[in-house]
Amino acid sequence: MGGPGVAGGEEARVVGEELEMVAGGARMVVDSGTGRVGGLRVDGLEVLRRGERFGSFPMAPWCGRMRDGVLAWGGRTYQLPRNAEPHAIHGTVRDRPWEVVRHDAAEVVIARELGDPWPFAGRVTQTFALTGDSASFRMTVESAAESFPAQAGWHPWFERRLHAGGKPVEIGFAPAWQEERGEDYLPDGNRIAPLPGPWDDCFGMPDGVDVTLTWPEAFELTITSPARWVVVYDLPPETVCVEPQSGPPNGLNTQPQAVTPDAPLTAEMSWRWRTLG
């Protein structure tokens, strides 16, 4: 969940190589210095908000907030940096340099080792692919030795309007439930009927994430994923976020999924679009 403190504690941006993919009228750029998609331009329309805090960034080895930055696992307790006081947020791999494994006009693969401040050794790999009407994303979290809990997901910042004077984006989705959240922006353990927006909330979609963003008379983009949770954050006046993720906020403590050397965690997401009018 977005909420207060999202920007707190962010490191200075690392300048990396901009890896460009082009297909038809679509151009997507991945920044190897941050692990982010820096921009997506389709037929002259900038779909993602550009800038150091924006684009679309990876969330691993956890998504959203972890209460008080405390991870309990295997009978031990670990303290992670509280970069969204009093919580830890969005994992440890965003805005850090990644290794470029492969790059051509249609696909980019980048990887980063897991380490301090994360207490377990491992590796995160991102794969991006582009066609003229779609983009696909894959993230794998691997353990180098011992078992640990993990989540993976993405945090894209979409433009609310695609041009000055344009109509604001409309968010269409049908979640099965909404995770009720407390004043600390974390789920309180109750599932409720979905409430109308504006949102900074996590929703359950047990058949997979399926959310359509429509900029009236201009553009439509549909986000799908096998993941069962999605955070929708539409409080900022200029952007909206739709974040597929493999578990809910604080899920490493409440609904942990173990990663072992023989059983990595894999998350996938697809964007498909069409021009309207």
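Here are a few worked exercises on the structure above.

The model is predicted, so local features need pLDDT of at least 70 and side-chain atom pairs count only at pLDDT 80 or more, while totals for chains, interfaces and linings use all residues. Residues are numbered from 1 along each chain as its sequence is written, and side-chain values use heavy atoms, with hydrogens and water left out.

**Exercise 1. The overall fold**

Work out what the secondary structure comes to, and whether the radius of gyration agrees or disagrees with a compact globule.

Step 1. The protein has one helix and 25 strands. These are DSSP runs numbered from the N terminus: H or I of at least four residues for helices, E of at least two for strands.

Step 2. For 277 residues a compact globule would have a radius of gyration near 19 Å, and the protein's 18 Å agrees. The radius is taken over C-alpha atoms, and the globule rule is 2.2 Å times the number of residues to the power 0.38.

Step 3. Buried residues account for 53% of the 277. Buried means under 20% relative accessible area, exposed over 50% and partly exposed in between, using a 1.4 Å probe and protein chains only.

**Exercise 2. Two hairpins**

Find the residue with a positive phi in the hairpin of β1 and β2, and do likewise for β17 and β18.

Step 1. Start with β1 (residues 18-23) and β2 (residues 26-31), which pair in the antiparallel sense over six bridges. Strands pair if DSSP finds at least two bridges between them.

Step 2. Two residues lie between these strands, and Gly 24 takes a positive phi near 55 degrees.

Step 3. Now look at the faces of β1: Leu 19, Met 21 and Ala 23 are on the covered one, whereas Glu 18, Glu 20 and Val 22 are on the uncovered one. In a regular strand the side chains alternate between the two faces of the sheet. Met 21 stands opposite Met 28 in β2.

Step 4. Move on to β17 (residues 177-181) and β18 (residues 187-192), antiparallel strands joined by three bridges. Glu 179 has Arg 191 of β18 as its bridge partner. With five residues between the strands, the positive phi belongs to Tyr 185, near 65 degrees.

**Exercise 3. An aromatic pair**

Explain why the pair of Phe 54 and Trp 157 is edge-to-face, and which parts the pair ties together.

Step 1. The structure holds 15 aromatic pairs. Rings of Phe, Tyr and Trp (its six-membered ring) pair if their centres lie within 6.5 Å; planes under 30 degrees apart are stacked, over 60 edge-to-face and the rest tilted.

Step 2. The ring centres of Phe 54 and Trp 157 are 5.1 Å apart and the planes stand at 90 degrees, so this pair is edge-to-face.

Step 3. Phe 54 is in the loop between β4 (45-46) and β5 (56-59) and Trp 157 is in β15 (residues 153-159), so the pair ties together parts 103 residues apart in sequence. Both residues are buried.

Step 4. Arg 49 has its charged end over the ring of Phe 54, 5.9 Å from the centre. That term requires NZ of Lys or CZ of Arg within 6 Å of the ring centre and within 35 degrees of the ring normal.

**Exercise 4. Ser 143**

Decide whether Ser 143 is buried or exposed, and find what its side chain reaches.

Step 1. Ser 143 belongs to strand β13 (residues 134-143). With 9% relative accessibility, Ser 143 counts as buried.

Step 2. The Ser 143 side chain reaches the backbone oxygen of Glu 146 at 2.6 Å.

Note on methods:
Polar contact = N/O pair within 3.5 Å; in protein donor to acceptor, adjacent residues only side chain to side chain.
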